[in-house]
Amino acid sequence: MTPTKRPPDATRAARQQVTAARERARMAIHEAAHSVAAVLLGGHVELARLDPDGRLGEGLTTVSEDSLTADAHALVAHAGPYAEARFDAGRRPTVREIDRAYIRSGHGDAALVAAAGGSIQ
């Protein structure tokens, strides 16, 4: 019996679906980590969602400003990129892998960490 070859377009489409699903999972884990960290630190999560403006690759978690200290906000901000890096690595991530997650997620998380006097390095 000869295996049936998939047409190149079907293979490409299947790969794109897997990639899109993995990206969505990465975003969900990133935003969930912000939410879990906020709640564990005593904060109030107002909103957590994926694609807030309909753009793929975007997520948003909003925590009440007055519900956490600046240091706690920094920890909440760090939780997202850390969880994303752990998901990608499949183990405890290296500093380089966490840095890549900060870069991929934009500047919002890094800015919150820096505002609290912290560093992502």
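Start with the whole chain in cartoon view and walk from the N terminus: the elements come in the order α-β-β-α-α-α. That makes 4 helices and 2 strands in the protein chain. Keep in mind that what's on your screen is a predicted model. The chain has 121 residues, and buried ones make up 29% of them. If you count contacts with a separation of 6 or more, residues 24 or more positions apart account for 48% of those.

**Stop 1: helix α2**

Select residues 70-89, which is α2. This helix has 20 residues, and its first and last C-alpha atoms are 29 Å apart, close to the 28 Å expected at 1.5 Å a residue. Now colour its buried residues: among them are Ala72, His73, Ala74, Val76, Ala77 and Ala79. Further along the buried set you'll also find Gly80, Pro81, Ala83, Glu84 and Ala85. Just past the helix, click on glycine 90, which follows α2 and has a positive phi, near 75°.

**Stop 2: the largest nonpolar core**

Which residues make up the largest nonpolar core? Select these 9: Ala33, Ala37, Ala38, Val63, Leu68, Ala72, Val76, Ala79 and Ala83. Both α1 (8-40) and α2 supply at least two residues here, and the largest share, 4 residues, comes from α2.

Zoom in on alanine 33. Leaving aside neighbours within four places in sequence, alanine 33 is in contact with Ala79, Gly80 and Ala83.

There's also a second, separate core of 6 residues, including Ala85, Ile98, Tyr102 and Val113.

**Stop 3: valine 76**

Go back to α2 and pick valine 76, which sits in that helix. Is valine 76 buried or exposed? Its relative accessibility is 6%, so valine 76 counts as buried. Show what surrounds valine 76: not counting residues up to four places away in sequence, it touches His34, Ala37, Ala38, Leu41, Val63 and Leu68. Try the distance tool between the C-alpha atoms of valine 76 and leucine 41: they are 35 residues apart along the chain, yet separated by 8.3 Å.

**Stop 4: glutamate 84**

Stay in helix α2 and move along to glutamate 84. Why does glutamate 84 count as buried? Because its relative accessibility is 4%, and the cut-off for buried is under 20%. Display the side chains around glutamate 84 and you'll find that it touches Arg26, Ile29, His30, Ala101, Arg104 and Ser105, again not counting residues up to four places away in sequence.

**Stop 5: helix α3**

Next, select residues 95-104, which form helix α3. Its buried residues are Glu97, Ile98, Asp99, Ala101 and Tyr102. What do the buried residues of α3 pack against? Their partners are α2 and α4. Turn on α2 and α4 next to α3 to see this packing.

Now click on arginine 100, also in α3. With a relative accessible area of 45%, arginine 100 is partly exposed. From its C-alpha to that of tyrosine 82 is 10.0 Å, with the two residues 18 apart along the chain. Then look past the end of α3 to glycine 106, which follows the helix and has a positive phi, near 95°.

**Stop 6: strand β1**

Select residues 45-50 to bring up strand β1, then pick out arginine 49 within this strand. Arginine 49 is partly exposed, since its relative accessible area is 40%. Aside from neighbours within four places in sequence, arginine 49 is in contact with Glu31, Gly59 and Leu60. For another C-alpha to C-alpha distance, try arginine 49 and threonine 62: they are 9.2 Å apart in space and 13 residues apart in sequence.

**Stop 7: the largest pocket**

Finish by switching on the surface. The largest pocket holds about 550 Å³ of space. To find the pocket, select His30, Glu31, His34, Gly59 and Asp109: of the 24 lining residues, these are the closest to its centre. Which elements give two or more residues to the lining? They are α1, β2 (59-63), α2 and α4 (108-115). Of these, α1 gives the most, with 6 residues. Finally, colour the lining by class, and you'll get 7 nonpolar, 9 polar and 8 charged residues.

Note on methods: Residues numbered from 1 in each chain as written. Predicted model: local features only at pLDDT ≥ 70, side-chain atom pairs only at ≥ 80, totals over all residues. Heavy atoms only, no water. Core = buried A, V, L, I, M, F, W, Y, C linked by side-chain atoms within 4.5 Å. Buried < 20%, exposed > 50% of the residue type's maximum accessible area, 1.4 Å probe, protein only. Contact = heavy atoms within 4.5 Å. 1 Å grid on protein atoms, 1.4 Å probe; cavity = no way out; pocket = protein on both sides within 12 Å on 5 of 7 lines; lining within 4 Å. Points joined across faces, edges and corners; volume = space filled by probe spheres on them. Nonpolar A, V, L, I, M, F, W, Y, C, P; charged D, E, K, R; others polar. Expected span 1.5 Å × (residues − 1).
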